[in-house]
There are 2 protein chains.
Amino acid sequence: MPTTAEFERLLRGADLRVTRPRLAVLDAVHAHPHADTDTIIGVVREDLGAVSHQAVYDVLRALTTAGLLRRIEPPGSVARYEARVGDNHHHVVCRSCGVIADVDCAVGAAPCLSASDHHGFVIDEAEVLYWGLCPDCSSTTTTSTTTSSRKDSRG
Amino acid sequence: MPTTAEFERLLRGADLRVTRPRLAVLDAVHAHPHADTDTIIGVVREDLGAVSHQAVYDVLRALTTAGLLRRIEPPGSVARYEARVGDNHHHVVCRSCGVIADVDCAVGAAPCLSASDHHGFVIDEAEVLYWGLCPDCSSTTTTSTTTSSRKDSRG
DNA sequence: CCGTTTTCTTGAATGAGTCAAGTTCAGCCA
DNA sequence: TGGCTGAACTTGACTCATTCAAGAAAACGG
C-alpha cells in the first residue's frame with residue numbers, strides 16, 4: 001500500500017494536480033482492487049466526508065486516462081477499477097458471486113496475439129476474461145452432485 | 001443465410017414457440033452479425049412493421065438463453081448479438097470505428113485455459129477480446145506518420 | 001498573494017435495459 | 001375446426017450507471 005506522498009508523486013508525474021479527492025480515490029482503489037464506482041464513492045466519503053459522485057467519476061476518468069488506474073468492465077457488471085497497471089494482466093470472474101481476481105498470463109510472451117493480423121486488423125492488445133467459479137462457490141457446488149461444465153469453451 | 005423453415009426448426013428444437021418476432025430477430029441477427037439491440041429493432045420493424053422494443057429484448061434474451069444467439073458486450077459498447085454459437089470464437093474490435101470481426105483462436109486446443117486453476121478458481125471458459133485497427137482505419141492512420149503502439153500489450 | 005485554469009459541486013438529463021399489468025396469440029386437445 | 005391455457009407481446013412507467021452543463025472553489029505558476 002503506497003503512502004500519500006507516493007500517490008502525490010504519481011499524480012505529479014502524470015501532470016495532474018494533487019487534490020484531496022484524487023488522493024482519496026487512488027487510496028480507495030489501491031485498498032479495494034476491482035471495486036465499482038459506487039463502492040469507491042463510499043470509501044472516498046468515509047475518508048473525506050462529502051464528495052460529489054461527479055467528482056469521483058471525473059477523477060476515475062482522469063486517472064484512467066493518465067494510466068494510473070485501469071478500468072475493467074466485465075459483461076453484466078458495471079465499471080470497475082484497479083491500480084495494477086502496465087502489465088495487461090487478465091481477470092477471472094466468478095459466475096456465481098461475481099468476485100474478480102487477477103490472472104497472470106501463464107503461457108509465453110504474447111500467446112493470444114500469435115496470429116496478429118486477423119482479417120487485416122492490426123491488433124495491439126488482447127484482453128482475456130476467464131469465467132468460472134471462485135474457491136468458495138465451487139466448493140459449495142462441486143461437493144454436491146454434478147459439475148455442470150458449460151458448452152465447448154475453447155480459448 | 002438459413003431459410004425461415006430452418007429458423008422455425010431451430011426454435012422448435014429449443015422448445016420455443018414459433019412467433020413472427022422470433023423469426024424476424026433470428027433473421028436480423030443472421031443478416032447483421034454483431035448488431036446492437038437498437039439496430040436489430042430497426043431491422044425487425046422493417047420486416048414486420050410495429051414491434052415493441054420490449055418484445056425484441058425478450059426475444060433476444062430467450063434466444064440467447066436457449067443458445068441460439070450469443071450476446072457480446074465489448075467495454076464501451078452496448079450489447080451486441082451474433083448467430084454464430086457453440087464454438088466460443090473470439091472478436092476483434094476496431095478502436096477507431098468500433099467495427100467487430102470474428103476471430104478463430106489460432107493457437108492449439110485451449111491455450112488461454114492452460115493454467116486452468118488460477119487462485120483456486122475452476123475456470124470453464126476463456127473469452128478473448130482483441131483491440132486494434134480495422135483495415136480501413138489502419139490504412140488511414142499508419143500511412144501517415146507513427147504507428148503509435150500502445151503500452152505493453154502481452155496476451 | 002493573485003490570477004488563471006483546472007477541478008469540484010449541484011442538479012438535471014440521457015439512454016440502455018428492466019418491471020409490471022393487461023392483451024393477444026401459439027399450440028395442444030377434444 | 002374451435003376452445004383453452006400458458007407463453008409471448010404491448011404499453012407505459014421506471015431504474016440506475018453514467019454524462020452534461022453552469023457556476024463555485026481550489027491548485028499552482030508567477
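This briefing walks through the protein–DNA surfaces, one sheet and the overall make-up of chain A. The model is predicted, so please read every value below as computed from it. DNA strand C has 21 residues around it, and DNA strand D likewise has 21. Residues from chains A and B are among the closest to DNA strand C, and the closest to DNA strand D also come from chains A and B.

**Around DNA strand C**

- The residues closest to DNA strand C are A:T19, A:R22 and A:S52, joined by B:V18 and B:Q54.
- Sugar or phosphate accounts for 71% of the atoms of DNA strand C within 4 Å of the protein, and bases make up the rest.
- A:R22 places a side-chain N or O atom 2.7 Å from a phosphate oxygen of DNA strand C.
- Chain B reaches the phosphates of this strand too: an N or O atom in the side chain of B:R12 is 3.0 Å from a phosphate oxygen, and B:T37 has a polar side-chain atom 3.4 Å from a phosphate oxygen.
- Three helices each give at least two residues to the surface near DNA strand C, namely α2 (20-31) and α4 of chain A and α4 of chain B.
- With 4 residues, α4(B) provides the largest share of that surface.
- Sorted by class, the surface near DNA strand C holds 9 nonpolar, 6 polar and 6 charged residues.

**Around DNA strand D**

- A:Q54 is among the residues closest to DNA strand D, together with B:R17, B:T19, B:R22 and B:S52.
- Of the atoms of DNA strand D that come within 4 Å of the protein, 66% belong to sugar and phosphate.
- A base is reached as well: a polar side-chain atom of B:R17 sits 2.8 Å from a base nitrogen of DNA strand D.
- On the phosphate side, B:S52 has a polar side-chain atom 2.6 Å from a phosphate oxygen of DNA strand D, while A:V18 uses a polar backbone atom, 2.9 Å from a phosphate oxygen.
- The elements giving two or more residues to the surface near DNA strand D are α4 (53-66) of chain A and, from chain B, α2 (20-31) and α4 (53-66).
- The largest share of this surface comes from α4(A), which gives 4 residues.
- The surface near DNA strand D is made up of 9 nonpolar, 6 polar and 6 charged residues.

**A sheet in chain B**

- Chain B has an open sheet of 3 strands in the order β1-β3-β2, paired antiparallel.
- β1 (35-36) and β2 (70-72) of chain B are the edge strands, and each has a single partner, so one side of each lacks a neighbour in the sheet.
- β2(B) pairs with β3 (residues 80-82) of chain B in the antiparallel sense through 3 bridges.
- Within this sheet, B:I72 stands opposite B:R80 of β3(B).

**Chain A as a whole**

- Chain A contains 5 helices and 6 strands.
- Read from the N terminus, its elements follow the order α-α-β-α-α-β-β-β-β-β-α.
- Of the 155 residues in chain A, 41% are buried.
- Taking the contacts in chain A between residues at least 6 apart in sequence, 46% link residues at least 24 apart.
- The exposed area of chain A is about 8,000 Å², and carbon and sulfur atoms supply 50% of it.

Note on methods:
Residues are numbered from 1 along each chain as its sequence is written. Chains are lettered from A and ligands numbered from 1 in the order in which they are written. This is a predicted model: local features need pLDDT of at least 70, side-chain atom pairs count only at pLDDT 80 or more; totals for chains, interfaces and linings use all residues. Side-chain values use heavy atoms; hydrogens and water are left out. A residue is near a molecule or strand if one of its heavy atoms lies within 4 Å of it. A polar contact is a pair of N or O atoms within 3.5 Å; within protein, one must be able to donate a hydrogen and the other to accept it, and residues adjacent in sequence count only if both atoms are side-chain atoms. Ala, Val, Leu, Ile, Met, Phe, Trp, Tyr, Cys and Pro count as nonpolar, Asp, Glu, Lys and Arg as charged, and the others, Gly among them, as polar. Two strands pair if DSSP finds at least two bridges between them. Buried means under 20% relative accessible area, exposed over 50%, partly exposed in between (1.4 Å probe, protein chains only). Contact means heavy atoms within 4.5 Å. Accessible areas come from the Shrake-Rupley method with a 1.4 Å probe; for residues, only the protein chains shown count as cover.
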